[in-house]
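Student: I have not looked at this structure before. Could we go through it by question and answer?

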Amino acid sequence: MAGFAFGPAQAAENTVVKLGFAAPLTGPQSHYGEDMKNGLTLALEEANKQNIQLDGKLAKFELVARDDQADPRMAVQVAQQIVDEDVNGMLGHFNSGTTIPASSVYNDAGLPQIAMATSPEYTDQGYDTTFRMMTSDTQQGAAAGQFIVNDLGAKTVALIDDRTAYGQGLADQVAKAVEAAGGKVIAREYTTDKANDFTSILTNIKSKEPAAIFFGGLDAQSGPMRRQMVTLGIKAPLVSGEMTRSATFLKLAGEAANGTYASLAGVPLKQMAAGEKFQANYQERFKVEPGVYAPYAYDGAWNMITAMKEAGSAKPEAYLPKLASLKRAGATSENIAYDEKGDLKEISVTIYQVKNEQWEMVKTIVSKAN
């Protein structure tokens with residue numbers, strides 16, 4: 001065929017390196033999954049321009065994507081499908097509730113996994129194949145709880161979570177930090193990640209007069225929740241995690257969004273090590289602003305690719321030790337490195353507040369990697 005890029009001899013010198021990916025790509029959390037997928041895609045496209053040699057051949061990186069629908073049972077099925085595709089590594093899942101059950105499938109297959117999941121349980125399992133893209137909930141929850149008591153001066157706090165591994169896990173860590181800082185949890189309520197009417201829960205909380213309300217869960221719930229807080233005349237501020245620090249929350253909450261706080265692992269995009277360059281490249285490629293998760297997904301992909309480059313191989317058993325001992329400068333940080341569990345050594349958390357219906361940074365807490 002005229003104009004074909006590779007002849008038979010040249011094609012034989014190439015090898016396809018498959019990297020698995022799973023996240024919610026349909027449903028109310030699909031915007032998270034697409035943001036993560038875009039970050040990975042950008043990294044793989046850049047890598048394919050570098051003529052990386054692995055196992056003696058020119059590597060062509062491909063993403064094997066699956067929709068896990070944010071469902072733990074579907075995630076296990078998807079994980080087995082991905083393993084059966086003979087992938088060389090796994091970049092995902094997104095949610096903690098899907099990542100944790102799927103991680104045993106990847107570990108049994110000896111497949112290195114770098115996930116967006118923030119629940120402490122993910123890396124507490126003792127697998128040597130588990131690594132993170134973001135700061136864990138233990139680290140983020142501690143920062144949020146301290147901020148509530150020390151910065152907002154809220155000594156009495158009500159907690160609501162959506163009973164997912166992410167939401168409940170984050171709320172648990174916030175509760176510990178609030179108590180440790182001298183505050184008191186005076187109410188603990190539960191909902192689901194599908195609910196949109198919180199009137200009964202909020203009415204009960206209002207009667208206890210907390211100085212702040214923390215919600216562990218998604219923007220699809222925190223948006224309506226914030227509107228209902230205002231309707232009920234609740235003056236206490238709403239504080240939440242990184243899933244709330246989104247454009248979707250602003251859209252769903254409208255004017256009621258003002259005054260809401262959210263903690264987010266990492267630092268603002270413009271303060272990241274190469275954040276502005278990443279933003280420019282992302283916008284050029286996808287014609288939209290990057291979301292919260294894209295730069296962390298991008299670095300997660302490059303962490304795996306870098307480990308392969310250092311090992312000179314895409315074989316999991318060859319590059320896994322290189323991934324565990326990785327030290328590199330990325331888009332999100334100049335000091336990317338993992339501890340013995342696969343958690344990031346550098347802990348960074350930023351607190352944001354909605355002012356004039358836009359997210360604005362309040363403060364950043366960073367502790368450097370060793």
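Student: Which elements do the buried residues of H13 pack against?
Tutor: This is a predicted model. In it, the buried residues of H13 touch three strands and a helix: S4, S5, S6 (130-132) and H12 (294-311).

Student: Which residues of H13 are buried, and why do they line one face of the helix?
Tutor: Helix H13 covers residues 316-324, and its buried residues are Pro316, Tyr319, Leu320 and Leu323. Looking down the axis of H13, these buried residues line one face because they fall within an arc of 120°.

Student: Which residue of S5 is the bridge partner of Leu91?
Tutor: Strands S4 and S5 (residues 113-115) run parallel and are joined by 2 bridges. The partner of Leu91 in S5 is Ile114.

Student: Is the crossover from S4 to S5 right-handed or left-handed?
Tutor: Between S4 and S5 the chain passes through helix H4 (residues 96-108). This makes a β-α-β crossover, and its hand is right-handed.

Student: Which residue of S4 is the bridge partner of Gly20?
Tutor: S1 (residues 14-23) pairs with S4 (residues 89-92) in the parallel sense, over 4 bridges. The partner of Gly20 in S4 is Met90.

Student: How far apart do the C-alpha centres of domain 1 and domain 2 lie?
Tutor: Domain 1 comprises 15-134 + 270-338, and domain 2 comprises 138-264 + 350-368. The distance between their C-alpha centres is 29 Å.

Student: Which three residues supply 32% of the area that domain 1 buries against domain 2?
Tutor: The two domains bury about 1200 Å² between them, with 58% of it on carbon and sulfur atoms. On the domain 1 side, the three residues that supply more than any other three are Tyr32, Pro120 and Val292.

Conventions:
Residues numbered from 1 in each chain as written. Predicted model: local features only at pLDDT ≥ 70, side-chain atom pairs only at ≥ 80, totals over all residues. Heavy atoms only, no water. Pairing = 2+ DSSP bridges. Right-handed = clockwise from strand over helix to strand, strands pointing away. Buried < 20%, exposed > 50% of the residue type's maximum accessible area, 1.4 Å probe, protein only. Arc of directions from axis to C-beta. Contact = heavy atoms within 4.5 Å. Domains from an automatic or database assignment. Buried area = accessible area lost by both parts, 1.4 Å probe.
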